[in-house]
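Open the model in a viewer and keep the sequence panel beside it. The stops below are given in the order in which to select them.

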Amino acid sequence: MIQMNDFKRDDEALLQSELAATERVLRSGWWILGPEVAAFEREWAEWSGNDRAVGVANGMDALEIGLRALGIGPGDEVVTTPMTAFATVLAILRTGAEPVLADIDPDTAILDPESVARCLSARTRAVVVVHLYGQAGPVEVLSALCADRGLHLVEDCAQAHGARASGRPCGTWGAFGGWSFYPTKNLGCIGDGGALTTSSADLEEKARRLRNYGQSVRYHHPEIGLNSRLDELQAAILRERLTHLSAWTERRRTVARAYADGIRHPEVQVLPLPADRERHVHHLFVVTSPRRDALQAHLKACGVESLLHYPVPAHLQEPCRTVRRDPLGLGNAERHAGECLSLPMHPALSGSEVASVVAAVNAFPPS
Ligand SMILES: *Cc1c(COP(=O)(O)O)cnc(C)c1O
């Protein structure tokens with residue numbers, strides 16, 4: 001089976017460096033929020049082109065903590081996309097604010113700024129753009145729209161490590177970027193991990209407090225915080241893997257190009273690759289087909305694993321049944337959810353595996 005991800009194939013040199021990093025942490029006698037986390041925060045801020053980074057327990061917490069640090073909570077509305085990992089919407093709900101769902105652009109499956117404009121109200125405080133599948137969203141348009149209306153732009157960068165829009169890194173367009181280091185992400189650890197990046201010293205300080213029980217100085221808790229700390233082992237592993245991330249991203253781009261050039265089928269559409277290759281880091285490679293379920297069964301029979309990102313848009317999830325949405329509906333998101341299929345995508349895929357996936361898709365019997 002050609003798998004979506006295959007962590008057992010990590011190269012031996014990387015594994016050896018991770019074992020050394022693990023020993024370094026074990027012998028240091030310090031497990032949570034220590035020197036490895038501080039070093040990773042500096043290195044991640046620098047690598048991702050951001051000024052400041054705060055390590056947290058996971059990507060969802062990075063979004064909740066950042067939104068709360070902006071003062072967003074009960075009575076506020078935050079506009080975002082229904083086509084995302086549910087964690088994006090859950091982070092908004094957990095602040096006490098109400099998510100409002102805008103439709104997607106059918107070519108990218110990313111938030112459509114025109115739909116966002118239709119969703120704004122007097123209570124809107126922020127727009128969360130998700131750089132879905134690893135592709136930078138329309139931040140040029142959204143940052144102008146948010147500046148015009150006095151709204152915060154927030155970037156969910158959980159799938160977009162290293163993506164740039166108009167030469168400027170994702171995570172630097174908005175008030176903050178929320179990052180996940182869940183194992184399957186482009187940069188992943190060996191458990192849960194996340195970070196928030198920002199250029200604001202004030203936001204950084206608030207986030208540092210919120211991640212650690214809302215503690216200002218030890219044993220003083222002026223606000224209701226979370227326990228959302230990054231541990232030393234995850235930070236040490238992330239520091240080793242970060243040295244490979246640029247090369248992995250290039251490999252993902254090569255695989256994506258080969259898929260896009262090779263897949264030719266009247267009932268299978270590849271989401272178009274952006275003209276500016278820096279916009280996309282190909283966390284996932286997604287095709288659409290009106291016969292998606294049959295295509296998935298065919299691929300499985302050919303020994304090719306595939307997954308759906310995401311089969312149920314947020315507005316059809318129980319906690320979102322009554323949330324406000326684009327008055328024109330969320331038709332593009334609903335259609336995409338019914339037709340999307342993610343093909344295997346990871347840097348260790350070999351050329352012959354990529355060719356096998358292309359051949360399997362092209363051999364899908366037409367209706
Ligand atoms: C993975 C992901 C998250 C959540 O990250 P966790 O680390 O799993 O909490 C949020 N948003 C998007 C778009 C994601 O892909």
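**The end of H4**

Start by selecting Gly96, which comes after H4 and has a positive phi, near 95 degrees. Helices (H or I, at least four residues) and strands (E, at least two) are DSSP runs, numbered from the N terminus. The model is predicted, so local features need pLDDT of at least 70 and side-chain atom pairs count only at pLDDT 80 or more, while totals for chains, interfaces and linings use all residues. Residues are numbered from 1 along each chain as its sequence is written, and side-chain values use heavy atoms, with hydrogens and water left out.

**The buried side of H4**

Now select Thr88, Val89, Ala91 and Ile92, the buried residues of H4. Buried stands for under 20% relative accessible area, exposed for over 50%, and partly exposed for what is in between (1.4 Å probe, protein chains only). These residues cover an arc of only 155 degrees around the axis, which puts them on the same side of H4. The arc is that of the directions from the helix axis to the C-beta atoms.

What do the buried residues of H4 pack against? Show helix H3 (59-69), S2, S3, S4 and S5: the buried residues of H4 pack against these elements. Contact means heavy atoms within 4.5 Å.

**The seven-stranded sheet**

Next, colour the strands in the order S1-S9-S8-S5-S4-S2-S3; these seven form an open sheet with mixed pairing. Two strands pair if DSSP finds at least two bridges between them. At the edges are strand S1 (52-56) and strand S3 (98-101), each pairing on one side only. From one strand to the next, the twist averages 25 degrees.

Zoom in on S1 and strand S9 (residues 194-198), which are joined by five bridges in the antiparallel sense. Arg52 has Thr198 in S9 as its bridge partner.

Then bring back helix H4 (residues 86-94), which packs on this sheet and touches strand S2 (77-80), S3, strand S4 (124-130) and strand S5 (152-156). The direction of H4 makes about 140 degrees with that of S3. Axes are lines fitted to C-alpha atoms, for helices over the stretch in contact, and angles run from 0 to 180 degrees between N-to-C directions. Add helix H6 (residues 139-149), which also packs on the sheet, touching S4 and S5, with its direction at about 150 degrees to that of S5.

**The three-stranded sheet**

Move to S10, S11 and S12, which form an open antiparallel sheet in the order S10-S11-S12. Strand S10 (269-270) and strand S12 (340-343) each have a single partner strand, so one side of each is left without a neighbour in the sheet. Two bridges link S10 to strand S11 (residues 285-288) in the antiparallel sense. To find one position in this pairing, select Gln269, which stands opposite Thr288 in S11. Helix H10 (residues 292-301) packs on the sheet and touches S11 and S12; the direction of H10 makes about 20 degrees with that of S12.

**Aromatic side chains**

Show the rings of Phe, Tyr and Trp. The structure holds six aromatic pairs. Rings (the six-membered one for Trp) pair if their centres lie within 6.5 Å; planes under 30 degrees apart count as stacked, over 60 as edge-to-face and the rest as tilted.

Is the pair of Phe40 and Trp44 stacked or edge-to-face? The ring centres of Phe40 and Trp44 are 6.3 Å apart and the planes are at 15 degrees, so the pair is stacked. Both residues lie in helix H2 (residues 35-47), four residues apart, about one turn of the helix. Phe40 is buried at a relative accessible area of 0%, and Trp44 is buried at 0% relative accessibility.

Select Tyr259 and Phe285 for a tilted pair, 5.0 Å centre to centre with 55 degrees between the planes. Tyr259 belongs to helix H9 (residues 245-262) and Phe285 to strand S11, so the pair ties together parts that are 26 residues apart in sequence. Tyr259 is buried at 0% relative accessibility, and Phe285 is buried at 3%.

Return to Phe40 and Trp44 and add Trp47, Trp179 and Phe181: these residues form one aromatic cluster.

**Last stop: Glu36**

Finally, select Glu36 in helix H2. Glu36 is buried, at 9% relative accessibility. Leaving aside residues up to four places away in sequence, Glu36 touches Arg24, Val25, Glu232, Ala235, Ala236 and Arg239.
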